[in-house]
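Q: Please take one part of this structure and look at it closely for someone who has not seen it before. Which strand is a good place to start, and what lies around it?

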Amino acid sequence: MTLKPDDLNQITSTTLGHYNTVAEDFREGTRDHDVSQNIDALLRHIQGAAPFTVLDFGCGPGRDLQTFTRMGHIAVGLDGSERFAQMAREDSGCEVLQQDFLKLDLPAERFDGIFANAVLFHIPKQALPRVLKQLHGALKPGGVLFSSNPRGENQEGWNGPRYGAYHDLEAWQTLLTTAGFVELEHYYRPAGLPREQQPWLASVWRRP
């Protein structure tokens, strides 16, 4: 399936429109989500001395920006949703970029780490290689990318008003390796459950 430019624009506008509409409820509904396992997975692989400069890619209302800041790191947010970017700036006090994921303009080699928690699955598969290359370029050499996505059987399409692409481990590894990353680890979430009850695939990657 090849998506045309108009299709990609519709995917972006509809998905972001949904998040703008539900922003307040989303903030309240996710405020207490425990993603400490994912934050730890990113930080323990970053080399060198803290504080680290971390891009929270798809930062939403800014919950994790606040966590990174409390830990002493320099956190920068990025989200496509106007409402989320506004909330994140107000709630965290951090620099927050508002950018369409399909039209990114990222600084070169600025970040020690990129935290992409529950976000990259919104990018259509045909656009993902370009986005991953842009994330690769935004990391310092040796920098680390964390990603967590709902896994699937390599299908994509609409889930209500949101678009999603759902990769299995092998397909995800191929995408990231092709973009120039080296895998450090992967695991399934929530921890401690049978695999069929672990819908999330988390993985950690280094820019060599």
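A: What follows is a walk around one strand, its partners and the residues beside it. The model is a predicted one, and the part chosen here is strand β5, which covers residues 139-150.

Of the 12 residues in β5, 10 are buried, so the strand is largely enclosed by the rest of the structure. On one side, β5 pairs with strand β4 (residues 111-117), and the two run in the parallel sense over 6 bridges. Strand β9 (residues 200-206) is also a partner of β5, but here the pairing is antiparallel and extends over 7 bridges. V144 can be used to follow both pairings, since G113 stands opposite V144 in the pairing of β4 with β5, while the bridge partner of V144 in β9 is R206. The connection from β4 to β5 involves helix α6 (residues 128-138), and these three elements together make a right-handed β-α-β unit.

Residues beside the strand fill in the picture, and D112, which lies in β4, is one of them. With a relative accessibility of 13%, D112 counts as buried, because the cut-off for that word is under 20%. Its side chain makes a polar contact with the side chain of K140, at 3.2 Å. Apart from its neighbours within four places in sequence, D112 is in contact with residues including L139, K140, G143 and V144, as well as I46, F52 and T53.

H45 belongs to the loop between α3 (36-43) and β1 (53-57), and at 18% relative accessibility H45 also counts as buried. The side chain of H45 makes a polar contact of 2.8 Å with the side chain of E185. When residues up to four places away in sequence are not counted, H45 touches V144 and, in addition, L184, E185, V204 and R206.

L42 is found in helix α3 and is buried, with a relative accessible area of 0%. Beyond residues up to four places away in sequence, L42 touches V144, L145 and F146, along with V54, F68, G113, I114 and F115. Although L42 and W205 are 163 residues apart along the chain, their C-alpha atoms are separated by 8.8 Å.

The surroundings can also be described through nonpolar cores. In soluble globular proteins, nonpolar side chains tend to be buried together. The largest nonpolar core here has 35 residues, and the members that touch the most others are F57, I114, L120, L135 and L145. Among the elements that each supply at least two residues of this core are β4, α6, β5 and β9, and so are α1 (5-21), β1, β2 (74-79) and α7 (169-178). Helix α6 gives the most to this core, with 5 residues. L135 shows how such a residue is placed: leaving aside its neighbours within four places in sequence, L135 is in contact with F57, L106, I114, L120, L145 and F181. A second, separate core of 22 residues includes L42, together with V35, F52 and F68.

Finally, there is an annotation to set beside these features. UniProt, in an unreviewed entry, lists residues 54-143 under "domain: Methyltransferase". In the model, the end C-alpha atoms of residues 54-143 lie 10 Å apart, and the span is 33% helix and 29% strand.

Note on methods
Residues numbered from 1 in each chain as written. Predicted model: local features only at pLDDT ≥ 70, side-chain atom pairs only at ≥ 80, totals over all residues. Heavy atoms only, no water. Buried < 20%, exposed > 50% of the residue type's maximum accessible area, 1.4 Å probe, protein only. Helix = DSSP H or I, 4+ residues; strand = E, 2+ residues; numbered from the N terminus. Pairing = 2+ DSSP bridges. Right-handed = clockwise from strand over helix to strand, strands pointing away. Polar contact = N/O pair within 3.5 Å; in protein donor to acceptor, adjacent residues only side chain to side chain. Contact = heavy atoms within 4.5 Å. UniProt positions renumbered as here; feature names shortened; annotations may be inferred. Core = buried A, V, L, I, M, F, W, Y, C linked by side-chain atoms within 4.5 Å.
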